[in-house]
Amino acid sequence: MGTAPRQKPPYGSVKWYKTILDIVRRRKPTVIDKDFLRINQIAPGNEAKVLVGLRFLGIIDENGNPTELIDTLRTLNEDEFRKSLREIVNKAYADLFDKLVLEKASFTDLVTYFMQVYDMSEAVAEQAAHCFIFFCHESGISLPESLTIKTKEKISQPTKRARKERMAKPEKHEVDVLSWGPIRIELPKDDLRAAERAREMLELYIKDLKDRKGE
């Protein structure tokens, strides 16, 4: 499929990009950089990934300055917003639309495209595929059922990587939640020893706090 483009397409959590779109529809930031993302609690620890994706879409330049494309997204009219975003998506993913027949493609085909063209690992390519599907959905670009997220979630034969990750996930335990206004404590359900240990830790914390204040 040719030489891999330098700029990788959006990958990571779809929620990151949804939050960005929600923000730029309401106002135009002076700059979108790591500090902007941290302040707005977007992709903590993964800010660089988001910036890469936004540059790929063409809505910020190399220095994080918003381009004129952001202005086209600043509308409360859903039809106008979808049209503007659709133009951005069509331009940014032009190579994908040109090389992959989406009407006949499967989710695996989409992942394979990102792996081959952008030299991504399988896990990252799956994230990129989900992001692409998200942008298509938000912009009104129709996709076959074989590429929808719901269909992907129903795949009966998960990949080896997915099976390993599923097996590696820690077992969830029930908890008791204690709350007083802004205070919230979670303890293993019906675990007396854990409750006693928590009390000991709180007593030590209170003692240390009093010592620091000279009480």
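Where is Thr67 found? Thr67 sits in the loop between helix H3 (47-57) and helix H4 (68-73), and the views below start from the whole chain before coming back to that loop. This is a predicted model, so local features need pLDDT of at least 70, side-chain atom pairs count only at pLDDT 80 or more, and totals for chains, interfaces and linings use all residues. Residues are numbered from 1 along each chain as its sequence is written, and side-chain values use heavy atoms, with hydrogens and water left out.

**View 1. The whole chain, for orientation.** The protein chain has eleven helices and two strands; helices (H or I, at least four residues) and strands (E, at least two) are DSSP runs, numbered from the N terminus. In sequence order the pattern reads α-α-α-α-α-α-α-α-α-α-β-β-α. Of the 215 residues, 31% count as buried, where buried means under 20% relative accessible area, exposed over 50% and partly exposed in between (1.4 Å probe, protein chains only). Take contacts between residues at least 6 apart in sequence: 54% of them join residues at least 24 apart, with contact meaning heavy atoms within 4.5 Å.

**View 2. Thr67 in its loop.** At 16% relative accessibility, Thr67 counts as buried. Leaving aside residues up to four places away in sequence, Thr67 touches Gly58, Ile59, Ile60 and Asp61.

**View 3. Helix H1 and its cover.** H1 (residues 14-26) has 13 residues and reaches 19 Å from its first C-alpha to its last, close to the 18 Å expected at 1.5 Å a residue; the expected span is 1.5 Å times one less than the number of residues. Trp16, Tyr17, Ile20, Leu21, Ile23, Val24 and Arg25 are buried in H1. Their cover includes helix H2 (34-39), H3, H4, helix H5 (78-92) and H8.

**View 4. Helix H8, end to end.** The 18 residues of H8 (residues 122-139) should span 26 Å, and the end C-alpha atoms are indeed 26 Å apart. Among the buried residues of H8 are Phe132, Ile133, Phe134 and Phe135. Cys131 is buried, at a relative accessible area of 0%, and Cys136 is buried at 0% too. The structure holds zero disulfides, a disulfide being a pair of cysteine sulfur atoms within 2.5 Å. Just after H8, Gly140 takes a positive phi of about 85°.

**View 5. H7 against H8.** Helix H7 (residues 107-118) packs on H8 at an angle of about 115°, with the axes 8 Å apart. Axes are lines fitted to C-alpha atoms, for helices over the stretch in contact, and angles run from 0 to 180 degrees between N-to-C directions. Phe107, Leu110, Val111, Phe114 and Met115 in H7 meet H8 residues including Ala125, Ala129 and Phe132. The residues of this contact divide into ten nonpolar, one polar and two charged; Ala, Val, Leu, Ile, Met, Phe, Trp, Tyr, Cys and Pro count as nonpolar, Asp, Glu, Lys and Arg as charged, and the others, Gly among them, as polar. Also in H7 is Val117, which is buried with a relative accessible area of 2%. The C-alpha atoms of Val117 and Leu96 are separated by 9.1 Å.

**View 6. H5 against H8.** H5 and H8 pack at about 145°, with their axes 8 Å apart. Phe81, Arg82, Leu85, Arg86 and Val89 in H5 meet Phe135, His137, Glu138 and Ser139 in H8. Here the contact residues divide into four nonpolar, two polar and three charged.
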